[in-house]
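I opened the notebook to work through the surface, the pockets and the charged pairs of this chain, one after another. My entries follow in the order in which I looked things up.

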Amino acid sequence: MIEILRDYGLILLVGQYPQGPLGGLAMTLVLAVAALALSFPLAVLVGVARTSRHRPVAWAAALYANAIRGLPLLLVVFWAYFAVPYLTGRAVSATLMMLVALVVYESAYLGEIVRAGIVALPGGQLQAARALGMRPGTILRRIVLPQALYNMIPSMLNQFVVVVKNTSLAYVIGVDELTNAAYQINSQLLTRPFEVYALLAASYFVLCFLLGRAVAWVERRIGRRRGEGAGAATKPVFE
C-alpha cells in the first residue's frame, strides 16, 4: 500500500491536475461542498413549505420530499445523467449532472431537517410575536429561521458526511472523483485490487472520521451555549 501511495498518491488526491482536470479526493470534497451549499436554499424552501398553513403548498412539498427520499440516489443520478441532456438537447458534463442529482437528493433530506427544526421551536414564541402584531413573513425571517437553522447546524454537518460518501456513486457515470481514481489505479495494476480498495476504504474512513469529530465539537459548543442561555434565562431580574 505504501508503494501504491508513493506512485499514485497524487492521482488519489487531485487526479490529473494541473496537467488535466481536477479529480480524486479534491473532486469528492468539491462535489460535497457544492452540493450542500446549493441544496441549502432549496431545503429551506422545502422545510418552510412543509410547515405552511396552505395545504396545497404543504402537500406539494411533502410529495417532493417523500418521493425523493423514497428513491435510491443511484436512480436520481441516472435520471439526471440521461434525462437532462435529452430534454435540453445539449451534452452536459457528467460532473454537473452528478451535482444536480446531489442537490435534488440532499434538498429533500435537508428540507426535513429544516422542518423538524421549525416544529421543535416553542409555540409560545410564535404566539408572542403574533400578539405584538408581527406579520408571518417577519416572524419567519426574524424569529423562526434564525433559531431553527442554528439548531440544525449539527444535523447539516452530519448530512455533509453522508454527502461525501454519496459522491462515490459519481463513479458510475465517469466523474473523476476518489472512487473513480482508485478504479483507474486498479485498472493499471490489475493484480492488486485488495490493496487499492483497502486504501480507498481507509481514505473514506479517515475523512469521515475527522468530519465526525468536527461535528461532535460543534455539537458540544452549541450545547454549552444553550446551557449558558438557559442559565441566564433562569436568573432573577433583580438580585
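**Surface patches**

I began with the nonpolar side chains on the surface and found that L74, F78, Y81, F82, Y171, V172, Y183 and Y197 form a patch there, with about 680 Å² of accessible area together. I keep in mind throughout that this is a predicted model. When I asked which element contributes the most to the nonpolar patch, I arrived at helix α4 (residues 73–88), which gives four residues. I placed another member of the patch, Y197, in helix α10.

I then turned to charge on the surface and noted a positive patch formed by R213, R220, R221, R224 and R225. I looked up R225 and found this arginine in helix α10, which covers residues 193–234.

**Largest pocket**

For the largest pocket I recorded a volume of about 500 Å³, and I listed 16 lining residues, of which T51, R53, L126, R130 and P136 are the closest to its centre. I traced the lining to its helices and saw that α5 (94–119), α6 (123–131) and α7 (136–151) each supply at least two residues, while α7 gives the most, with five.

**Salt bridges**

I finished with the charged pairs and counted four salt bridges in the structure. One that I followed up joins R50 and E112, whose closest N and O atoms are 2.8 Å apart. I noted that this pair links distant parts of the chain, with R50 in helix α2 (residues 24–50) and E112 in helix α5, 62 residues apart.

Methods: Residues are numbered from 1 along each chain as its sequence is written. This is a predicted model: local features need pLDDT of at least 70, side-chain atom pairs count only at pLDDT 80 or more; totals for chains, interfaces and linings use all residues. Side-chain values use heavy atoms; hydrogens and water are left out. Patches are made of residues with over 30% relative accessible area and no salt bridge: like charges are joined within 9 Å, nonpolar side chains (Val, Leu, Ile, Met, Phe, Trp, Tyr) within 5 Å. Accessible areas come from the Shrake-Rupley method with a 1.4 Å probe; for residues, only the protein chains shown count as cover. Lys and Arg count as positive and Asp and Glu as negative; His and the chain ends are not counted. The place of a charge is taken as NZ of Lys, CZ of Arg, CG of Asp or CD of Glu. On a 1 Å grid over the protein atoms alone, a cavity is a set of points where a 1.4 Å probe fits but cannot get out, and a pocket is an open set with protein on both sides within 12 Å along at least five of seven lines; lining residues have an atom within 4 Å of a point. Grid points are joined across faces, edges and corners, and a volume is the space filled by probe spheres set on the points.
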